[in-house]
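Here are a few exercises to work through with the model open beside you. Try each task before reading its solution.

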Amino acid sequence: MRRSRSGRPRTRDNGGVQVAVCGPAEATPEELAQARRVGELLAERGVTVLCGGGGGVMAAVAAGVRDRAGLAIGVRPDDGSAPGPVELSASVVTNMGQARNAILVWSADAVIAVGGSWGTLSEVALALRRGGIPVVVLGGWRVVDAGGVPVPGPVHAATPEDAVRLALGHPPGPAGPGPVGR
C-alpha cells in the first residue's frame, strides 16, 4: 500500500484508504465487541470504513468508528425506507439485495470479516475472487476442502489489532489488547 507524507496508507485519488468490514447482522456479544474495536482502530488511522449498513457487526463497527470521530459508510441492500444504524456517517442505497456485496468489496482497499454467516462468506469469496487486496477473517468461518484441509485464501487474525495490521499491510504483532503500533 502506498503511504502519504504522514506515513498513513493511501491508495485512493482523494488520499484515503477504504476498508470494508463485513459480518453477520445477528452476531454474538464477542463479535460485536471485536467489530467495535476494529472500527475504533481503523478510525484512529484515518481510514474510511465501509459496511453493509445493517445491524449486528455492521452497526457495531460503525459505532466504533463514530466513537473515534471517523467516517463510516453503509452500502445498504434495501431501498432505504427503513432507517439504518444511527452510527453511520452516510448510506449508499442500492436496492440490490445481497448483490450489494460486490459493490462493497469492489469499493474497498481491504476487507475484514468479523464472525461468520452466509452473507459474510459471500463477501469473503468475492474479495478473494477480486484479488489484489488483503482479506482478513477475525473469528469467522474456515473453509476446508473435501479432505478437511484449510483452503488457502483469507488470512486469519486472532485479535482486532492483528486484523487491522494485516488489512493495512503490516505484519501481525503480538496478540493482546492495546493500540496498534503507531
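This is a predicted model. The accessible surface of the protein chain comes to about 8800 Å², and carbon and sulfur atoms account for 55% of that area.

**Exercise 1.** Work out the order of helices and strands along the protein chain.

*Solution.* Start with the inventory: the chain has five helices and seven strands. Then follow the sequence, which gives the pattern β-α-β-α-β-β-α-β-α-β-β-α.

**Exercise 2.** Is strand β3 largely enclosed or open?

*Solution.* Take buried to mean under 20% relative accessible area. Next, go through the two faces of the strand: Ala-72, Gly-74 and Arg-76 lie on one side, Ile-73 and Val-75 on the other, and all are buried. Five of the five residues in β3 (residues 72-76) are therefore buried, so the strand is largely enclosed by the rest of the structure. For the chain as a whole, buried residues make up 45% of the 182 residues.

**Exercise 3.** Which strands pair with β3, and in what sense?

*Solution.* Begin with β2 (residues 48-51), which pairs with β3 in the parallel sense over three bridges. Within this pairing, look for Leu-50, whose bridge partner in β3 is Ile-73. Now turn to β4 (residues 90-93): its pairing with β3 is also parallel, over four bridges. Here Arg-76 stands opposite Val-93 of β4.

**Exercise 4.** Find the handedness of the unit that β2, helix α2 and β3 make.

*Solution.* Trace the path from β2 through α2 (residues 57-67) to β3; the three form a right-handed β-α-β unit.

Methods:
Residues are numbered from 1 along each chain as its sequence is written. This is a predicted model: local features need pLDDT of at least 70, side-chain atom pairs count only at pLDDT 80 or more; totals for chains, interfaces and linings use all residues. Side-chain values use heavy atoms; hydrogens and water are left out. Buried means under 20% relative accessible area, exposed over 50%, partly exposed in between (1.4 Å probe, protein chains only). Two strands pair if DSSP finds at least two bridges between them. A crossover is right-handed if, with the strands pointing away from the viewer, the path from the first strand over the helix to the second runs clockwise. Accessible areas come from the Shrake-Rupley method with a 1.4 Å probe; for residues, only the protein chains shown count as cover.
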